[in-house]
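Hi,

Here is the structure I promised to pass on. Have a look at it first, and then read my notes underneath.

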Amino acid sequence: MAAIRNEDSLIRSIELRFGAKRGRQLPLGVGDDAALFSPSRGHQTILTCDWFLEGTHFLPDLHPPDSVGWKCLARATSDIAAMGGTPKCFLLSLALPDTHTGKWLNEFLGGLRRAARRLGCDLAGGDTTKQKDTQISVTVIGEVRTGQSVLRSGARPGDLFYVSGRLGEAELGLRMLRRGRKPTRSRDPFLRKHLYPEPRLALGRWLAENKLATAMMDLSDGLSSDLPRVCSASRAGALVEVENLPLATVRSARDGKKIDLQQLALHGGEDYELLFTVPRGKAGRIPRSFRGVRLTRIGEVTPTRSVRLLDRSGREAELSPAGWDPFHN
Ligand SMILES: [Mg+2]
């Protein structure tokens, strides 16, 4: 990558990495004052943006730049999956210190481009500036057939709660990184889930197209924080069965004893799995796994507006939000 002399050369180097993508939906590509976007006929445009800040969402000495690039786009795209939509393009706002315009930027753009290709989401434009810490904001533009988007507010008492994948895996990956596990050489599934999450786009779309989900959201902050958001939007409550939670599977029983996998599943953040509700009558149409991703019924929607946890001995207790919250102090 050529040396960065000024903002124009920084922008050019980003454009070069992504190529001049032009198509019917994105006729200009990158490079004019603003991008033009044409949604498909009969579709609504979905807009979502997500901060990814050094010190808050990633740590410079822990997270490889390649992962920062992948993850800033993947986590923003997860919100499109949660609506049942398809990502189309994204805008990148990037503030960097001088020290990050060489090798760091090169690797960051490498991870970002891999994610863009994997998710089918082209760079449409953005903005760059200089700043002491690295600050990234990604806006993803997607679409969904009109009337097919799945909102948080559609859950009805009696519907069943499901989650995709296993919960707490990304948090386990973060703990491994913190304990000094090298991110580059490991193919460990927990590290991968933390560093290179895969938004559940195909699942979200399938649930929306087949009208199976009444409500849906992605799990970014942790089940105990996110599930009450679906309940509150739907003016309902939930009863979650601890026994049914899909816990992370650790390799040895010794590891399993050391770590409270149930607490991780309830409160661990950044799994980017989907939480969704299904009417009881349609539950038979939900497979055990979808394209290799496990689907698990974890509880049901209740008319009383509290979120409760049913433990193995049949006792019920209130579930308090204890996931990620940047404003918690
Ligand atoms: Mg979300």
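Below is what I found, taken one region at a time. Keep in mind as you read that this is a predicted model.

**The open sheet**

Let's start with a sheet of 4 strands, which is open and runs in the order β1-β4-β2-β3, with mixed pairing. Its edges are β1 and β3, each of which pairs on one side only. On average, neighbouring strands here are turned by 15 degrees against each other, if you ignore direction.

At one of those edges, β1 runs antiparallel to β4 (residues 135–145), and 11 bridges join the two. If you want a spot to click on, Q44 has V144 in β4 as its bridge partner.

At the other edge, β3 (residues 122–130) pairs with β2 (residues 86–96) in the parallel sense, over 8 bridges. There you can find L96 opposite K130 of β3. What lies between these two strands along the chain? Helix α3 (residues 103–119) joins in, and β2, α3 and β3 together make a right-handed β-α-β unit.

**A buried strand**

Next, go to β5, residues 160–164. Is it buried or exposed? Buried: this goes for 5 of its 5 residues, so the strand is largely enclosed by the rest of the structure. As a rule, side chains in a regular strand alternate between the two faces of the sheet. In β5, L160, Y162 and S164 point one way while F161 and V163 point the other way, and all of them are buried.

β5 has antiparallel partners too. It is joined to β8 (residues 273–278) by 4 bridges, with L160 partnered by V278. Another 5 bridges join β5 to β10 (residues 293–302), also antiparallel, and here V163 stands opposite T296.

**The largest pocket**

Finally, the empty space. The largest pocket holds about 690 Å³. Its lining is made of 35 residues, and the ones nearest the centre are S220, D221, G269, E270 and W324. Elements that contribute two or more residues to this lining are β1 (43–53), α2 (65–82), α4 (169–178), β6 (215–219), α7 (223–234) and α9 (261–267). Which of them gives the most? That is α4, with 5 residues. As for the character of the lining, it divides into 11 nonpolar, 12 polar and 12 charged residues.

Note that β1 turns up twice in this tour: as an edge strand of the open sheet and as a contributor to the pocket lining.

Cheers

Definitions and conventions
Residues are numbered from 1 along each chain as its sequence is written. This is a predicted model: local features need pLDDT of at least 70, side-chain atom pairs count only at pLDDT 80 or more; totals for chains, interfaces and linings use all residues. Side-chain values use heavy atoms; hydrogens and water are left out. Two strands pair if DSSP finds at least two bridges between them. A crossover is right-handed if, with the strands pointing away from the viewer, the path from the first strand over the helix to the second runs clockwise. On a 1 Å grid over the protein atoms alone, a cavity is a set of points where a 1.4 Å probe fits but cannot get out, and a pocket is an open set with protein on both sides within 12 Å along at least five of seven lines; lining residues have an atom within 4 Å of a point. Grid points are joined across faces, edges and corners, and a volume is the space filled by probe spheres set on the points. Ala, Val, Leu, Ile, Met, Phe, Trp, Tyr, Cys and Pro count as nonpolar, Asp, Glu, Lys and Arg as charged, and the others, Gly among them, as polar. Axes are lines fitted to C-alpha atoms, for helices over the stretch in contact, and angles run from 0 to 180 degrees between N-to-C directions. Buried means under 20% relative accessible area, exposed over 50%, partly exposed in between (1.4 Å probe, protein chains only).
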